[in-house]
Amino acid sequence: MVALETMRKIALSFPETSEQPHFDKISFRVGKKIFATYDGKKNQACLLLSPIDQSVFSAFDSSIIFPVPNKWGQNGATLFNLDKVRVDLFTDALTTAYCKVAPKQLAERYKQ
């Protein structure tokens with residue numbers, strides 16, 4: 001299980017990340033680019049992944065990690081059920097989402 005405070009701690013540990021409102025959700029951004037949102041009503045996170053990364057993470061358990069059911073989902077927007085996802089798996093996915101939108105010099109710090 002991943003609590004909001006855990007998500008916040010991980011997301012804000014990345015350089016130049018800020019937390020801002022996004023409609024009725026919380027967003028985590030690098031500059032003006034959103035890499036993750038949190039929906040408190042559903043206890044879900046939406047991470048912006050590439051379609052390939054989305055496929056890899058969804059393969060772990062498609063009942064708790066799955067594409068957003070619309071065009072955004074086809075482009076990599078991926079929902080995570082925070083009540084059921086493991087912290088280590090979510091941390092990897094959040095890092096991947098950060099690296100997708102962060103400037104290259106920041107993302108390079110996390111690429112293996």
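In this predicted model, Ser55 is partly exposed, as its relative accessible area comes to 48%, a value that sits between the 20% and 50% cut-offs. Ser55 belongs to helix 2, which covers residues 51-58. Set against it is Thr37, a residue of strand 3 (residues 33-39). Thr37 has a relative accessibility of just 11%, so it counts as buried. The two residues are 18 apart along the chain, and their C-alpha atoms are separated by 19 Å. Leaving aside residues up to four places away in sequence, Thr37 touches Met7, His22, Lys25, Ile26, Ser27, Gln44, Ala45 and Cys46. Several of these contacts turn up again below, in the helix and the strands around Thr37.

The strands come next. Six of them make up an open sheet, with the order 1-2-3-4-6-5 and antiparallel pairing. Strand 1 and strand 5 (65-67) are at the edges and have a single partner strand each, so each is left with one side that has no neighbour in the sheet. On average, and with direction ignored, neighbouring strands of the sheet are turned by 25° against each other. Strand 3, the home of Thr37, pairs with strand 2 (residues 25-30) over five bridges in the antiparallel sense. Here Ile26, one of the residues that Thr37 touches, stands opposite Tyr38 in strand 3.

Further along the sheet, strand 6 has partners on two sides. Strand 4 is joined to it by five bridges, while three bridges join it to strand 5, and the strands run antiparallel in both pairings. Leu79 is a handy landmark here: Cys46 stands opposite this residue, and so does Phe66. Cys46 is also among the contacts of Thr37. As for burial, strand 6 is mostly covered, with five of its five residues buried. Both faces of the strand are involved, with Ala77, Leu79 and Asn81 buried on one side and Thr78 and Phe80 on the other.

Two helices lie across this sheet. Helix 1 lies across strand 1, strand 2, strand 3 and strand 4 (44-48), and runs at about 15° to strand 2. Helix 4 lies across strand 1, strand 2, strand 3, strand 4, strand 5 and strand 6 (77-81), running at about 40° to strand 4. In helix 1, the buried residues are Met7, Arg8, Ile10 and Ala11; these pack against strand 1, strand 2, strand 3, strand 4 and helix 4. Met7 also appears in the list of residues touched by Thr37.

How do the two helices meet? Helix 1 and helix 4 pack with their axes 10 Å apart, at an angle of about 40°. That angle makes helix 1 oblique to helix 4, and the crossing is right-handed. On the helix 1 side, the residues that meet helix 4 are Thr6, Met7, Ile10 and Ala11; their counterparts in helix 4 are Val87, Phe90, Thr91 and Leu94. Of the helix 1 residues at this meeting point, Met7, Ile10 and Ala11 are also listed as buried.

Finally, the aromatic rings. Seven aromatic pairs come out of a search of the whole structure. In one of them, the rings of Phe14 and Tyr98 have their centres 4.5 Å apart and their planes at 20°, so the pair is stacked. Phe14 sits in the loop between helix 1 (4-12) and strand 1 (17-22), and Tyr98 sits in helix 4 (residues 87-101), so this pair ties together parts that are 84 residues apart in sequence. Both residues are buried: the relative accessible area is 5% for Phe14 and 0% for Tyr98. Phe14 also pairs with Tyr110; the ring centres are 5.2 Å apart and the planes stand at 90°, so this pair is edge-to-face. Tyr110 is in the segment after helix 5 (104-107), so the pair with Phe14 ties together parts that are 96 residues apart in sequence. Tyr110 itself is partly exposed, with a relative accessible area of 27%. Phe14, Phe35, Tyr98 and Tyr110 are linked into a cluster by ring pairs.

Terms used
Residues are numbered from 1 along each chain as its sequence is written. This is a predicted model: local features need pLDDT of at least 70, side-chain atom pairs count only at pLDDT 80 or more; totals for chains, interfaces and linings use all residues. Side-chain values use heavy atoms; hydrogens and water are left out. Helices (H or I, at least four residues) and strands (E, at least two) are DSSP runs, numbered from the N terminus. Buried means under 20% relative accessible area, exposed over 50%, partly exposed in between (1.4 Å probe, protein chains only). Contact means heavy atoms within 4.5 Å. Rings of Phe, Tyr and Trp (its six-membered ring) pair if their centres lie within 6.5 Å; planes under 30 degrees apart count as stacked, over 60 as edge-to-face and the rest as tilted. Two strands pair if DSSP finds at least two bridges between them. Axes are lines fitted to C-alpha atoms, for helices over the stretch in contact, and angles run from 0 to 180 degrees between N-to-C directions. Angles under 35 degrees count as roughly parallel, over 145 as roughly antiparallel, 65 to 115 as roughly perpendicular and the rest as oblique. A crossing is left-handed if the near helix is turned anticlockwise from the far one by less than a right angle, and right-handed if clockwise.
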